[in-house]
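Please look over the model below with its sequence at hand. The report that follows takes up single residues, then the contact between the chains, and then the packing inside one chain.

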Protein chains: 2
Amino acid sequence: MAGKNAFYAQSGGVTAVINASAAGIIETARKNSDKIAKVYAGRNGIIGALTEDLIDTSEDSAAAISALRHTPSGGFGSCRYKLKGIEQNRREYERLIEVFKAHDIGYFFYNGGGDSADTCLKVSQISDTLGYPIQAIHVPKTVDNDLPITDCCPGFGSVAKYIAVSTREASFDVASMSKTSTKVFVLEVMGRHAGWIAAAGGLASSKDCEIPIVILFPEITFNKEKFLAKVDGYVKKYGYCSVVVSEGVQGEDGKFLADQGLRDAFGHAQLGGVAPVVANIVKDGLGLKYHWSVADYLQRAARHIASKTDVEQAYAMGEAAVEFAVAGHNSVMPTIDRQSNSPYSWKVGMAKLSDVANVEKMMPENFISEDGFGITDACREYLAPLIAGEDYPPYKDGLPDYVRLKNVAVGKKLDDFKL
Amino acid sequence: MAGKNAFYAQSGGVTAVINASAAGIIETARKNSDKIAKVYAGRNGIIGALTEDLIDTSEDSAAAISALRHTPSGGFGSCRYKLKGIEQNRREYERLIEVFKAHDIGYFFYNGGGDSADTCLKVSQISDTLGYPIQAIHVPKTVDNDLPITDCCPGFGSVAKYIAVSTREASFDVASMSKTSTKVFVLEVMGRHAGWIAAAGGLASSKDCEIPIVILFPEITFNKEKFLAKVDGYVKKYGYCSVVVSEGVQGEDGKFLADQGLRDAFGHAQLGGVAPVVANIVKDGLGLKYHWSVADYLQRAARHIASKTDVEQAYAMGEAAVEFAVAGHNSVMPTIDRQSNSPYSWKVGMAKLSDVANVEKMMPENFISEDGFGITDACREYLAPLIAGEDYPPYKDGLPDYVRLKNVAVGKKLDDFKL
């Protein structure tokens with residue numbers, strides 16, 4: 001006899017590998033069909049649960065679910081919607097339980113970052129207070145790499161690889177042009193609070209492929225004079241220089257460097273990125289020709305250059321979440337436990353959600369070089385294995401053959417619910 | 001007995017595959033060592049010839065030269081330096097001939113776009129007027145895809161593939177987020193005069209993977225109302241929309257849309273891209289949340305996702321250039337002659353430089369859809385084979401293992417020359 005159904009939802013910003021976790025969950029659930037009947041996915045994340053907009057993943061073939069492993073983005077839709085505390089909005093939690101009851105759901109798999117871990121913790125706690133048993137397992141995902149306990153977060157390794165590869169490629173380009181044209185290339189990357197992604201730009205330079213790279217971390221207050229001196233020194237020595245700047249870099253006034261109060265010709269406020277600001281500082285301060293790029297979504301969606309390590313870990317987290325659930329665990333999150341750097345080895349661990357929720361892991365201070373513009377050997381040792389290996393998607397007509405699921409809706413049994 | 005030496009130079013903006021042409025030239029010259037003694041490369045393009053800063057490519061191993069095929073950028077350095085006409089600056093041409101004489105150079109291979117073709121033509125003509133025999137062969141290269149006669153230009157196919165892949169990936173991302181967050185994604189691409197690269201964004205949408213994409217071509221004057229209506233319609237139908245905008249899009253006032261007269265808080269002029277301008281128009285006009293990205297150098301340096309067709313054609317152009325030279329041709333350029341679309345087939349052709357120089361090939365009008373925001377089937381048929389196939393570079397420690405040549409200088413025999 002089959003067990004209860006499972007609910008799965010994707011939460012927050014999507015990544016190149018969050019669907020690999022989804023594949024891990026659904027495929028492992030299918031292998032445990034004696035314990036888990038069906039996996040219902042929330043259409044657009046937790047909103048799908050609240051509005052009873054569930055997707056019956058059993059309507060999609062084994063081939064389609066397997067193709068999730070090589071497809072970026074959130075195959076069931078994600079959302080930015082944070083449940084309040086039970087005290088502030090008990091109605092939403094009660095609604096969740098109503099939907100779980102109506103669809104015989106006994107497992108709650110929530111795939112997201114820090115905020116989602118907190119939601120997952122709360123759901124795990126209401127099974128007692130609201131008298132409906134549910135096992136809530138969090139599946140780690142965030143390009144920000146800021147979840148505690150786990151050594152790294154699925155999604156980060158692929159962004160890191162994209163940024164490292166792109167920085168190397170663009171640096172080769174600017175080096176070629178530097179004699180008579182562009183001398184400084186500026187790449188803006190994600191990471192508002194922590195410099196994990198910016199740090200990955202430093203991997204573009206290696207012992208056998210030295211590249212002058214200045215990294216602007218959100219952890220380090222921007223100092224124009226020191227920055228210009230660093231760039232000037234590199235350009236004098238190498239003829240060119242690359243700058244990797246985190247979107248979260250702040251000036252001495254505590255404001256984001258990106259927030260320059262830009263106005264158009266009519267005086268309307270305009271939102272720009274930090275890359276053009278830094279490029280203008282280089283031009284004004286040193287008179288050098290520059291180019292700049294803003295990677296934005298391209299970096300986190302770039303499944304075509306995903307890290308094999310990252311894909312494997314993302315899948316393993318989904319797989320482990322289901323194994324934890326069928327083993328009877330509740331209120332936990334599978335983790336990536338690093339065993340050694342070289343050769344890199346890791347195994348799946350388990351963390352209590354109460355130790356994960358509301359804890360942000362910052363980058364260690366000893367990962368940033370003394371002058372504040374580069375990464376240390378300790379940082380390299382940490383990052384290097386996370387970008388290792390390629391895991392190319394299949395191609396059709398020159399383009400990655402990403403899957404779109406049927407996403408067949410489960411019949412509604414309840415009244416409408418207003419968010 | 002060995003023949004004369006050859007000179008090779010890379011010119012203008014570099015690409016993901018210009019080094020593949022270099023590999024084609026050097027490897028084919030090595031196979032014809034009875035006709036061509038050594039290949040000397042100009043360090044930083046034609047400047048290397050003028051300043052007698054020559055690189056002896058025979059100092060690099062067969063493995064290193066072969067690795068050029070998978071290495072982006074200009075392995076010998078490029079430059080933006082346009083020789084004036086012989087009438088305006090006879091001294092530069094005379095200097096070239098002096099350097100060629102001093103180093104027994106009988107072949108001139110110039111790897112570049114339209115301006116370079118013109119320079120190459122002039123060099124081919126001075127062999128008569130200055131009494132020194134030299135065979136000048138142009139090797140086509142430009143991401144702008146604007147050289148005449150040849151069906152396409154090496155470098156373009158790989159940029160097109162990068163933009164098509166990136167647009168598809170980012171579109172999957174924004175589709176996932178659109179329920180509660182970002183609904184419009186804007187990607188800025190190169191192409192100041194012609195919309196070839198912007199058009200490639202349209203390939204991201206295909207029959208089996210439909211994506212709502214609005215393309216802003218430099219050929220079409222930007223009309224805010226029509227643009228907003230198009231985006232609004234797509235967002236209402238699909239829930240999201242991607243916009244691919246060429247850096248060269250102009251408004252009805254004839255000014256670049258990117259040139260919005262931006263000023264910072266102190267009133268200083270700031271250079272921004274066109275992507276944030278378009279994103280702000282979407283926000284102001286429709287109130288939709290957006291993200292934007294500027295690909296810049298990333299698009300033309302992205303050897304990691306190069307088109308196999310493009311790599312093969314780039315190599316073939318270098319190979320053919322040497323074959324033309326040893327067969328006695330002068331003042332010509334190898335071309336890519338399309339034989340059929342499906343299955344795609346092409347062969348190497350030959351164009352007279354006098355037919356190539358100073359002719360810019362624009363995108364045919366029937367490649368842009370009637371409303372001005374998309375590509376036609378004719379455009380798809382043209383573009384599709386150019387992005388076909390993958391040609392991954394080797395990786396080491398998670399990063400592409402791109403080669404850096406030794407670039408050993410040839411001993412100088414002449415007095416210094418002031419540019």
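Is B:Ser73 buried or exposed? With 28 other C-beta atoms within 10 Å, B:Ser73 is buried, a residue being called buried if 20 or more other C-beta atoms lie within 10 Å of its own, exposed if 12 or fewer, and partly exposed in between, with C-beta atoms placed from the backbone.

This is a predicted model, in which local features need pLDDT of at least 70 and side-chain atom pairs count only at pLDDT 80 or more, whereas totals for chains, interfaces and linings use all residues. Residues are numbered from 1 along each chain as its sequence is written, while chains are lettered from A and ligands numbered from 1 in the order in which they are written.

## Backbone features in loops

B:Ser73 is found in the loop between helix 3 (62–68) and helix 4 (90–102) of chain B, where helices (H or I, at least four residues) and strands (E, at least two) are DSSP runs numbered from the N terminus. Although B:Ser73 is not a glycine, its phi is positive, at about 75 degrees. B:Asn44, also not a glycine, has a positive phi of about 60 degrees; B:Asn44 belongs to the loop between strand 2 (36–42) and helix 2 (46–50) of chain B, and it is buried, with 26 other C-beta atoms within 10 Å.

In chain A, the peptide bond from A:Ser342 to A:Pro343 is cis, with omega near 0 degrees, and A:Pro343 is placed in the loop between strand 10 (332–341) and strand 11 (344–352) of chain A. The peptide bond from B:Ser342 to B:Pro343 is likewise cis, with omega near 0 degrees, and B:Pro343 lies in the loop between strand 10 (332–341) and strand 11 (344–352) of chain B.

## Three residues of chain A

The table gives the burial of three residues of chain A and a C-alpha separation for each.

| Residue | C-beta neighbours within 10 Å | Burial | C-alpha separation |
|---|---|---|---|
| A:Asp355 | 14 C-beta neighbours | partly exposed | 8.0 Å to A:Pro148 |
| A:Thr376 | 17 C-beta atoms | partly exposed | 7.0 Å to A:Asn366 |
| A:Glu247 | 21 C-beta neighbours | buried | 25 Å to A:Thr150 |

A:Asp355 is found in helix 12 (residues 353–356) of chain A, and A:Pro148 is 207 residues from A:Asp355 along the chain. A:Thr376 is in the loop between helix 12 and helix 13 (377–383) of chain A; not counting residues up to four places away in sequence, A:Thr376 touches A:Asn366, A:Phe367, A:Ile368 and A:Ser369, contact being defined as C-beta atoms, placed from the backbone, that lie within 7 Å. A:Glu247 is in the loop between strand 8 (241–246) and helix 9 of chain A, and its contacts, leaving aside neighbours within four places in sequence, include A:Glu188, A:Arg192 and A:Val274.

## How the chains meet

Chain A is superposed on chain B by a rotation of 180 degrees with 0.0 Å of shift along its axis (RMSD 0.0 Å), the fit being by least squares on the C-alpha atoms of residues with pLDDT of at least 70 in both. That is the relation of a two-fold axis, and in chain A the C-alpha nearest the axis is that of A:Val294, at 2.4 Å.

The contact takes 70 residues from chain A and 70 residues from chain B. Helix 6 of chain A gives the largest share of the side of chain A that touches chain B, 13 residues. By class, this side of chain A has 34 nonpolar, 22 polar and 14 charged residues, where Ala, Val, Leu, Ile, Met, Phe, Trp, Tyr, Cys and Pro count as nonpolar, Asp, Glu, Lys and Arg as charged, and the others, Gly among them, as polar. Since 100% of the interface residues of chain A are also interface residues in chain B, the copies meet through the same surface.

## Packing of helix 1 on helix 11

The axes of helix 1 (residues 18–31) and helix 11 (residues 308–326) of chain A come within 7 Å and cross at roughly 35 degrees, where axes are lines fitted to C-alpha atoms, for helices over the stretch in contact, and angles run from 0 to 180 degrees between N-to-C directions. The residues of this contact between helix 1 and helix 11 of chain A divide into 13 nonpolar, 4 polar and 2 charged.

Key:
Contact = placed C-beta atoms within 7 Å.
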